[in-house]
Amino acid sequence: QTRVLTGITTSGTPHLGNYVGAIRPAIAASRTPQVESYYFLADLHALIKVQEPERVQRSTLEIAAAWLACGLDPATVWFYRQSEIVEIPELAWFLTCVAGKGILNRAHAYKAAVDKNREEGEDDDAGINAGLFMYPVLMSADILVFNAHKVPVGRDQIQHIEMARDFAQRFNHLYGEHFVLPEALIEENVATLPGLDGRKMSKSYDNTIPLFAPRDQLKRLIYSIVTDSRLPGEPKDTEGSALFQIYQAFASEEETQAMRRAFADGIAWGEAKQALFERIDAEITPLREKYEDLMARPQDIEAILIDGARRVRERYGVGMMKRLREAVGLRDLS
Ligand code: ATP
């Protein structure tokens, strides 16, 4: 069985991008017998960006409920909160001590923050916490603690998987073959969804459509997706159209072709938005009911997460850290 690992940062409300890019494909994959799935709520990662406790807590519940509403079966997959696997931060320290600092200097997320500071005439590291700098090491620990084989990622994350391989290799070289070298799984068919403003939909950009927005809000948000000023009857470009890209992620091949023709024939933006709303609403409504039901029972969600963390630690985490502590020369705590 191939161990496949997927996490979502608990930094806000889950959105259509998380659904199309992570939740929907991961749940489909978990139903194939060759795959052993690991789904986690990346709440330690969230602390890099969100220092509002209520937001982290609320987001944890919302993202857990979203996974469950979309069909995750906690009896057949590993489902847990990152912060409950105490082996993860411990392993992150072991990896920190073999990770080349020069490699971390080149990580995209860190470099982007430095570039932004330079553009704004600030010192390189102004306002950047060491958590952002160390993020690839924590992510490596998420993967290596369970020796996951595959990590489905967008292209922007390939570099982080390469770093995890590098750290694992260095560790193996020093201390023996403890880690499998993980591989990035690039899902060519999984779209990156644009947000309301046309940039990548992201909790950080505040341009999201919440996955389980109530219907009227969903409609309002879809109607606020940016379009150009072409009038009804004027042909529209599908290329670069956020509206079209989102439609494509929810529609069948035939529906997408029909929409492509409608664009060429000059469909009014309002009409295209209505079609998009109806398509998304049809897919989401049954899931939204389950989501709302779960959100009314937060104690049940908690119980599932606590049980999930306990089981996965017993199955893998504790034994892995025992071996690793011995390997590096520390006392065995068990
Ligand atoms: P943040 O802004 O806090 O980083 P995010 O909303 O961009 O959050 P993550 O929590 O980092 O997303 O990502 C969780 C998963 O959702 C990842 O697998 C990621 O590839 C996927 N994902 C996030 N945004 C999109 C998007 N716009 N389109 C497709 N997939 C996405």
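**Exercise 1. Domains and their contact**

Which residue ranges does the domain assignment of the protein give for domain 1 and domain 2? Using this predicted model, characterise the contact of the two domains.

*Solution.*
Step 1. Domain 1 is assigned in two segments, 2-193 and 297-328, and domain 2 covers 212-293.
Step 2. Taken over C-alpha atoms, the centres of domain 1 and domain 2 are 31 Å apart.
Step 3. Seven residues of domain 1 and eight residues of domain 2 take part in the contact.
Step 4. On the side of domain 1 that touches domain 2, helix α3 (residues 53-69) gives the most, with three residues.
Step 5. That side of domain 1 consists of seven nonpolar residues, with no polar and no charged ones.

**Exercise 2. The shell around the ligand**

Determine how many residues surround the ligand, and which element gives the most to the shell.

*Solution.*
Step 1. The ligand is surrounded by 17 residues. The closest are G17, G21, A22, S202 and S204.
Step 2. At least two residues of the shell come from each of β1 (2-9) and α1 (16-30).
Step 3. Of the elements, α1 gives the most, with five residues.
Step 4. Sorted by class, the shell holds nine polar, five nonpolar and three charged residues.

**Exercise 3. Strand β1 and its surroundings**

Establish why β1 counts as largely enclosed, and describe how β1 is arranged with α1 and β2.

*Solution.*
Step 1. Because six of the eight residues of β1 are buried, this strand is largely enclosed by the rest of the structure.
Step 2. Strand β2 (residues 35-42) pairs with β1 in the parallel sense, over eight bridges.
Step 3. As an example of the register, T2 has V35 in β2 as its bridge partner.
Step 4. Together, β1, α1 and β2 form a right-handed β-α-β unit.

**Exercise 4. The environment of M259**

Decide whether M259 is buried or exposed, and identify the residues that M259 touches.

*Solution.*
Step 1. M259 belongs to helix α11 (residues 253-264).
Step 2. The count for M259 is 21 C-beta neighbours inside 10 Å. A residue is buried if 20 or more other C-beta atoms lie within 10 Å of its own; M259 is therefore buried.
Step 3. Leaving aside residues up to four places away in sequence, M259 touches F244, Y247, A251 and A275.
Step 4. L185 is 74 residues from M259 along the chain, and a separation of 30 Å lies between their C-alpha atoms.

Note on methods: Residues are numbered from 1 along each chain as its sequence is written. This is a predicted model: local features need pLDDT of at least 70, side-chain atom pairs count only at pLDDT 80 or more; totals for chains, interfaces and linings use all residues. Domain bounds come from an automatic or database domain assignment. Two residues are in contact if their C-beta atoms, placed from the backbone, lie within 7 Å. Helices (H or I, at least four residues) and strands (E, at least two) are DSSP runs, numbered from the N terminus. Ala, Val, Leu, Ile, Met, Phe, Trp, Tyr, Cys and Pro count as nonpolar, Asp, Glu, Lys and Arg as charged, and the others, Gly among them, as polar. A residue is near a molecule or strand if its C-beta atom, placed from the backbone, lies within 6 Å of it. A residue is buried if 20 or more other C-beta atoms lie within 10 Å of its own, exposed if 12 or fewer, and partly exposed in between; C-beta atoms are placed from the backbone. Two strands pair if DSSP finds at least two bridges between them. A crossover is right-handed if, with the strands pointing away from the viewer, the path from the first strand over the helix to the second runs clockwise.
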